[in-house]
Amino acid sequence: MNVGKVGAKTLRALSKAPARTHVSLSARAASQCASPGSSSSSHERPHFPCVDAHAARESRIISSRSVSSTPPVSSGPEPPYARPNPKSYKVYRHTSPLPLVYADSLPSFDIAYETWGTLAPNKDNVILLHTGLSASSHAASTELNPAYGWWEKFIGPGKALDTNQFFIICTNVLGGCYGSTGPSSIDPSTGEPYATRFPILSIFDMVQAQFRLLDHLGIERLYASVGSSMGAMQSLAAGWLYPERVGKVVSISGTARSSPSAIAMRFAQRAVLMADPNWKNGFYYDGLPPHAGMKLARQIATITYRSGPEWDIRFGRKLRKLPDSEQQRPDKPRTPALCPDFLIETYLDHQGEEFCLKYDANSLIYISKAMDLFDMTAPTLSELRLTPPAPRSGPPPLPPSLSAHPSSPAHSQYHHLLSHSKSHPPPPNPPLHLPDLAAGLQPLANTPTLILGVQSDILFPVEQQREVADALRVAGNQMVSYYELGGVWGHDTFLLDVQNVGGAIRGFLS
């Protein structure tokens, strides 16, 4: 299979459908935008509905004092982000302290999780699936929650994460707001939300909390740890922390060391959010949430998730359709509006509007900061006082299809295939930190690892995926599978390219 190319049919489907869907959405979101100079009187004060929308949203919040339960409107390939119902997921309550990297121990915590497939009697078919920054544990539909999940097309019988073979667990991360303990949770010592009294988290802390859940479930070893975006960081961290407990690692559109450019993008999101007067240093839970800042932060984030070529295909330089209420002078070209006017502007406006009340602002701040802090180079790990464990001593696990016949000739052939993977030429100018990263990744030297990168990704550039693969190989790992994906969808390719992403995962796991 050639995972570097995306089928033309898939490209046409994804590039046309969202644009058609969005025309009506953008017309609603940006209708009656003010156009300077278009007023019947030049002395009239201009009107800006896109600015008034913030005040209108605030009035609705004051009136309802609760988050709307209206289902999210589809606006393209983005996953739905809605607050899950507590009855639709399971919760594990850990009652003993959890040591943290940057702070004192967390006295107790909850982890929300969902599962798919059937757990084998010896519990050797478990895959831990890690989420991105803002996703919930609802990766696919379940009996408790039949709603479409954020990785629906990848989980199920015969799919990339094959529920005929594997038992998949997905959690909401520590620090989140979809059932797991985070800043919006009640601090047992005060009876009030933690807010910004919540301790600073690291990616390693999130993974440690997940392994407390695995301990509770009696799961000693994972067949694989799989993650995309921030989940890829967690997946690498899981394999690093527990080499003997994690059989394989899959890292999709991730990194082992947050880059300055990604840190800058996430800082900009936090800055506009924290500048919202409703944020109140994080103590907003008894009042209005910082919805305007959240909307702007989401708009910035959306830009980092996509790519310029995709914008050209989906929107180009097209303008929104003018409503009948907007009059234009017959002797002049269309008057530009300062509110959303281009379709791409209306799209970003809609994305921010849909998200701003569905995620906790403090969770966004804490989790994005944990991503910025992630750095698996040896000097940084040493500063964090994280002692590197020894690489795994045993062979990687066999897939369920072979594990019933361990003496089969296919056993040795399977491991032989793992040690021969598609590669790219050695970098002509390797980054200066590559030796430190290789030293830091030493505990993963004997863990089969799949690295998937996307050539159009601007948030986690493909160079970072090559970096991880190179560092693992320098560390002595002879079982690194590396692929680069084409396409124009940027960072969110891992959500969209079912054929190539799913095919690479299926081939690596089976």
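What share of the contacts in the protein with a separation of 6 or more comes from residues 24 or more positions apart? The share is 77%. Keep that in mind as we walk through this predicted model, looking at strands, helices and rings in turn.

Let's begin with the overall inventory. The protein has 16 helices and twelve strands. Of its 510 residues, 54% count as buried.

A good place to step inside is strand β9, which covers residues 224-228. Five of its five residues are buried, so the strand is mostly covered. You can check this on both faces: Ala224, Val226 and Ser228 are buried on one side, and Ser225 and Gly227 are buried on the other. Now look at what β9 pairs with. Strand β3 (residues 126-130) runs parallel to β9, and four bridges join them. To find one of these links, look for isoleucine 127, whose bridge partner in β9 is alanine 224. Strand β9 also pairs with strand β10 (residues 249-252), again in the parallel sense and over four bridges. Here valine 226 stands opposite valine 250 in β10. To get from β9 to β10, the chain passes through helix α4 (residues 230-241), making a right-handed β-α-β crossover.

Further along the chain, we can visit strand β12, residues 480-485. Is this strand enclosed or open? Five of its six residues are buried, so β12 is largely enclosed by the rest of the structure. Strand β11 (residues 449-454) pairs with β12 in the parallel sense over six bridges. Within this pairing, leucine 450 has serine 481 as its bridge partner in β12. Between β11 and β12 the chain goes through helix α14 (residues 462-474), and this β-α-β crossover is right-handed.

Next, the aromatic rings. The structure holds 14 aromatic pairs. One of them joins phenylalanine 315 and tyrosine 347, with ring centres 5.1 Å apart. Why is this pair called tilted? Planes under 30 degrees apart would count as stacked and planes over 60 as edge-to-face; these planes are at 40°, so the pair is tilted. Phenylalanine 315 lies in the loop between α7 (308-314) and α8 (343-355), while tyrosine 347 sits in helix α8, so the pair ties together parts that are 32 residues apart in sequence. Are these two residues buried or exposed? The cut-off for buried is under 20% relative accessible area. Phenylalanine 315 has 2%, so it is buried, and tyrosine 347, at 0%, counts as buried too. Elsewhere, Trp150, Trp151 and Phe154 form one aromatic cluster.

Rings can also have a charged residue over the face. Arginine 298 lies over the face of phenylalanine 355, at 4.5 Å from the ring centre. Lysine 248 lies over the face of phenylalanine 508, at 5.4 Å from the ring centre.

That last ring leads us to helix α16, residues 498-509. Its buried residues are Asn500, Val501, Gly502, Gly503, Ala504, Ile505, Phe508 and Leu509. An α-helix has 3.6 residues a turn, so residues three or four places apart point the same way. You can also test the length of α16 for yourself: at 1.5 Å a residue, its twelve residues should span 16 Å, and its end C-alpha atoms are 16 Å apart, which agrees.

Notes. Residues numbered from 1 in each chain as written. Predicted model: local features only at pLDDT ≥ 70, side-chain atom pairs only at ≥ 80, totals over all residues. Heavy atoms only, no water. Buried < 20%, exposed > 50% of the residue type's maximum accessible area, 1.4 Å probe, protein only. Helix = DSSP H or I, 4+ residues; strand = E, 2+ residues; numbered from the N terminus. Pairing = 2+ DSSP bridges. Right-handed = clockwise from strand over helix to strand, strands pointing away. Phe/Tyr/Trp six-rings, centres within 6.5 Å; stacked < 30°, edge-to-face > 60°. Lys NZ or Arg CZ within 6 Å of the ring centre and 35° of its normal. Expected span 1.5 Å × (residues − 1). Contact = heavy atoms within 4.5 Å.
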